[in-house]
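Reader: Please take one part of this model and go through it closely, residue by residue. I would like to see how its charged side chains are placed, and then what lies around them.

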Amino acid sequence: MARMHSRRRGSSGSDKPAADDPPEWSDVDADAIEERVVELAEEGHSPSEIGLKLRDEGVQGTPIPDVTLATDKKVTEILDEHDADPDIPEDLRNLMAKAVRLRDHVQENQTDHQNKRALQNTESKIRRLINYYRGDELDEDFSYSVDEARDLI
């Protein structure tokens, strides 16, 4: 499939190996994993950062290679159950942060036409994602503006 803002096709990447059970050496209780996930979310970590921390640090000293295999739930599902999910989805938040950085750069360097185009593309992606999330994970009256993005981030 072609990418959204280019004429090229995407390059294939590696996939996670198929596994049905967590490894034997990672035998942490699912409730302990859920408690650690909620604890990390309250510290302000995003769902992807939580997965990395569980992989690297683990729970009670034991690394958790895959939260889904260990608990039968995704990190975002665990956060949703415990009402610790972030206000805006992580992909939208990352795009907003990128747009703020690009806008600051373009204001300092007005002749940088390549980054002006990148800012237009990024804001287009943001508007598409807002339309996708509106009603479910975002309010019906949510709209994107640079000032709101600065406040959210």
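**Helix α3, the loop after it and beyond**

Author: A70 is found in helix α3, where a helix is a DSSP run of H or I of at least four residues, a strand is a run of E of at least two, and both are numbered from the N terminus. This is a predicted model, in which local features need pLDDT of at least 70, side-chain atom pairs count only at pLDDT 80 or more, and totals for chains, interfaces and linings use all residues. Residues are numbered from 1 along each chain as its sequence is written, and side-chain values use heavy atoms, with hydrogens and water left out.

A70 counts as partly exposed because its relative accessibility is 22%; buried means under 20% relative accessible area, exposed means over 50%, and partly exposed is in between, with a 1.4 Å probe and protein chains only. From C-alpha to C-alpha, A70 is 33 Å from I126 in space, with their positions 56 residues apart in sequence.

The loop between α3 and α4 holds D72. D72 is not a glycine, yet its phi is positive, near 65°. At 66% relative accessibility, D72 counts as exposed.

K73 is also placed in the loop between α3 (67-71) and α4. K73 is partly exposed because its relative accessibility is 22%. The side chain of K73 takes part in a salt bridge with E34, the closest N and O atoms being 2.9 Å apart. That pair links distant parts of the chain, since E34 sits in helix α1 (residues 30-42) and K73 is 39 residues away. A salt bridge here is a side-chain nitrogen of Lys or Arg within 4 Å of a carboxyl oxygen of Asp or Glu. Side chains of opposite charge can pair when their charged atoms come close. With a relative accessible area of 11%, E34 is buried.

K73 has another partner, E81, with an N to O distance of 3.0 Å in that salt bridge. E81 is partly exposed because its relative accessibility is 48%. Elsewhere, shared partners join the salt bridges of R36, E39, K53 and E57 into one network. One link in that network is the salt bridge between the side chains of K53 and E57, at 3.4 Å from N to O. K53 is partly exposed at 25% relative accessibility, and E57 is partly exposed at 41%. The structure holds eight salt bridges.

Helix α1 also contains D31. D31 is partly exposed, its relative accessibility being 48%. D31 and D21 are ten residues apart along the chain, and 17 Å separates their C-alpha atoms.

After helix α4 (75-81) comes the loop that leads to α5 (90-108), and P89 is found there. P89 counts as buried because its relative accessibility is 8%. P89 and L138 are 49 residues apart in sequence, but their C-alpha atoms are 8.6 Å apart in space. D83 is found in that loop between α4 and α5 as well. D83 has a positive phi of about 55° although it is not a glycine. With a relative accessible area of 69%, D83 is exposed.

D83 belongs to a negative surface patch, together with E77, D80, D85, D87, D91, D136, E137, D139, E140 and D141. A patch is made of residues with over 30% relative accessible area and no salt bridge, like charges being joined within 9 Å and nonpolar side chains (Val, Leu, Ile, Met, Phe, Trp, Tyr) within 5 Å. Asp and Glu count as negative, Lys and Arg as positive, and His and the chain ends are not counted. One patch member, E140, is found in the loop between α6 (113-133) and α7 (146-152). E140 is exposed, with a relative accessible area of 60%.

One item remains, the aromatic side chains. A search of the whole structure finds one aromatic pair. The pair is Y132 and Y133, whose ring centres are 5.1 Å apart and whose planes meet at 70°, so it is edge-to-face. Rings of Phe, Tyr and Trp (its six-membered ring) pair if their centres lie within 6.5 Å; planes under 30 degrees apart count as stacked, over 60 as edge-to-face and the rest as tilted. Y132 is exposed, with a relative accessible area of 61%, whereas Y133 counts as buried at 11% relative accessibility.

Note on methods: Accessible areas come from the Shrake-Rupley method with a 1.4 Å probe; for residues, only the protein chains shown count as cover. The place of a charge is taken as NZ of Lys, CZ of Arg, CG of Asp or CD of Glu.
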